[in-house]
Amino acid sequence: MKRIYPHIAIIAMFLAPFLTRAQTKLPTFFADHMVLQQQEEAAIWGWDDANQSITVEGSWGQKATTQADQTGKWQVHLPTPAAGGPYTLTISGNDKITLQNVMIGEVWICSGQSNMAMTLKGYSNQPIYGAGDAILDAVQSDIRMYTASRVPSVEPLTDLEGTWKVSNTENAPGFSAAAYFFGRLLEQTLDVPVGLIITSWGGSKVEAWMDESSLRNSGIEEFPTEIPERAPHQAPTLLYNGMIKPLIPFTAKGFLWYQGESNVGNADQYRKLFTDMITLWRNDFQNTEMPFYFVEIAPYNYGGRNSAYLREAQLKTMLTLPHTGMAGTMDIGNCTNIHPGNKKDVGRRLALWALSQTYGLNGFQYSGPIYQSMEKTDDHKIILSFDHAENGLSTFGQPLKGFEIAGDDGNFMPAQASIGGKSTVTVWSDQVSNPQVVRYGFSNCPETTLYNMQKLPAPSFRTDMDVE
């Protein structure tokens, strides 16, 4: 028989209430080196004992108090100052947690598939152009990046796996290249710290980043009840549950999105799916006008599937959904590599949208030329007019390529084209006597050379595209 020592039993009884006491716990993205969105009521949350009083205090002089609910969950909204730091953030409940080296600045949530996940060190035998200099310069930047681990889930999770990293030459090779180049230009132009939260998975479909309700709205009825052994990143809801839901409602300025390649096969559905996903995320993060900037999928050989229709779905989204913007990539693709190395221009073009449309800077163009209208001429030509080309169009010394023209029979022929007035292109073909429709860059890997005067490329388009 096991002997029980009375004094040990008495001590255990005395300590029991303390041993079962809940610890004050925070999600992993509230941690040392983090960035909070400036001049906002920043949402901060965690867990503790039921009904436990909680105080959250920033060393910039603001404090918020609340009480945990019956499940132990608590949340406050803490006013943040103009950009600056470093500060401390102290959370007092059952325990006292002090977060060190907290910066206040601009925060962006970055998601998508492998081109967003691709780090400055590149993939095997697939480099990032200019990465060496970017890594060396990283010690001069005030950028912090949180990269979430890849975790699919059937049920909504409450936390991510990841840590904040400060920009330096040791950490930068593991930073998302597109996001880093975006953040670097913001940091240099606005002179503020920048926080980038990366939650992405290579090869993921848009359906994986949406909840069940939104997907049912798009006609999808089958959902996983367990994690599939193969391609969980393509199964509906699993990445939303595991890699977006835990982050809600983190206070951020906007979203960056670099995805679409895995949906080339259902491009006809993509516009609605993509629009519904953006709307879902905006509602989740409690800002129906939250900026959402995304990358046009670049030219690549998809075999028998024409990726121009997916790019068209992206263009339609930009033209119909407010507070969205598309960074063009028709000039920086790679027909044999789905991971083009020029992520610096991708990040720069995303940043131009943000600097103009979110931060209100003027004096520069932020979009490539966008087809606006067409006019037929008496000499069997079509004149195309473009927005975002106020100072004209150019090929920057290259032949003007990428245009096709068709008559009533719908058979497209390679077309000749010339830049006319400030924002027009004239298109014709001697083989088409009664032209009706023009399209540009409308294949997997076309040669296209149309830019505005700030060398931002025109996206692929067709004049008979329905944007309703």
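Threonine 336 sits in the loop that connects β13 and α9. In this predicted model, the residue is exposed, with a relative accessible area of 72%. Its C-alpha atom is separated by 24 Å from that of glycine 174, and the two residues are 162 residues apart along the chain.

Following the chain from this loop leads to helix α9. This helix covers residues 343–358, and its 16 residues should span 22 Å at 1.5 Å a residue; the end C-alpha atoms are 21 Å apart, which agrees. At the start of α9, a side-chain oxygen of asparagine 342 comes within 3.4 Å of the backbone nitrogen of lysine 344. Just after the helix, glycine 360 adopts a positive phi of about 75°. Is α9 enclosed or open? Twelve of its 16 residues are buried, so the helix is largely enclosed by the rest of the structure. Among these buried residues are Val346, Leu350, Trp353 and Leu355, and the list also includes Lys343 and Arg349.

Helix α8 can be described in a similar way. With 13 residues (308–320), α8 reaches 18 Å from its first C-alpha to its last, close to the 18 Å expected at 1.5 Å a residue. Ten of the 13 residues are buried, and the helix is mostly covered. Leu310, Ala313, Gln314 and Leu315 are among the buried residues of α8, as are Arg311 and Glu312. What do the buried residues of α8 pack against? Their partners are α7 (267–284), β12 (292–295), β13 (324–327), α9, β14 and β23 (461–462).

One residue of α7 gives a closer view of this region. Tyrosine 270 lies in helix α7 and counts as buried, because its relative accessibility is 0%. Beyond its neighbours within four places in sequence, tyrosine 270 is in contact with residues including Val206, Trp257, Asn263 and Thr275, as well as Leu310, Ala313 and Gln314. The last three of these belong to the buried set of α8. The side chains of tyrosine 270 and tryptophan 257 are also joined by a polar contact of 3.4 Å. In addition, Tyr270 and Trp257 belong to one aromatic cluster, together with Trp209, Phe255, Phe274, Trp281, Phe285, Phe292 and Phe294. By contrast with these contacts, glutamate 40 lies 33 Å from tyrosine 270, C-alpha to C-alpha, and 230 residues from it in sequence.

Aromatic rings appear elsewhere too. The count of aromatic pairs comes to 34. One pair consists of tyrosine 371 and phenylalanine 386, whose ring centres are 6.5 Å apart and whose planes meet at 80°, so the pair is edge-to-face. Because tyrosine 371 lies in strand β14 (residues 370–376) and phenylalanine 386 in strand β15 (residues 382–387), the pair ties together parts that are 15 residues apart in sequence. Phenylalanine 386 counts as buried, at 3% relative accessibility. Two lysines also lie over aromatic faces. Lysine 381 is placed over the face of tryptophan 428, 4.4 Å from the ring centre, while lysine 455 lies over the face of phenylalanine 396, 5.4 Å from the ring centre.

The strands offer further detail. Four of them form an open sheet in the order β18-β17-β21-β23, with antiparallel pairing. Its edge strands are β18 (413–414) and β23, each of which pairs on one side only. Two bridges link strand β21 (residues 437–440) to β23 in the antiparallel sense, and phenylalanine 461 in β23 is the bridge partner of tyrosine 440. Strand β23 is also one of the elements against which the buried residues of α8 pack.

Another strand pairing involves β2 and β5. Strand β2 (residues 41–47) and strand β5 (residues 73–79) run antiparallel and are joined by seven bridges. Within this pairing, glutamate 41 stands opposite proline 79 in β5. Six of the seven residues of β2 are buried, so this strand is largely enclosed by the rest of the structure.

These details belong to a protein with nine helices and 23 strands. Along its principal axes, the C-alpha trace spans about 105 × 45 × 40 Å. Of the 468 residues, 55% count as buried. Among contacts between residues at least 6 apart in sequence, 72% join residues at least 24 apart.

Technical notes
Residues numbered from 1 in each chain as written. Predicted model: local features only at pLDDT ≥ 70, side-chain atom pairs only at ≥ 80, totals over all residues. Heavy atoms only, no water. Helix = DSSP H or I, 4+ residues; strand = E, 2+ residues; numbered from the N terminus. Expected span 1.5 Å × (residues − 1). Buried < 20%, exposed > 50% of the residue type's maximum accessible area, 1.4 Å probe, protein only. Polar contact = N/O pair within 3.5 Å; in protein donor to acceptor, adjacent residues only side chain to side chain. Phe/Tyr/Trp six-rings, centres within 6.5 Å; stacked < 30°, edge-to-face > 60°. Lys NZ or Arg CZ within 6 Å of the ring centre and 35° of its normal. Contact = heavy atoms within 4.5 Å. Pairing = 2+ DSSP bridges.
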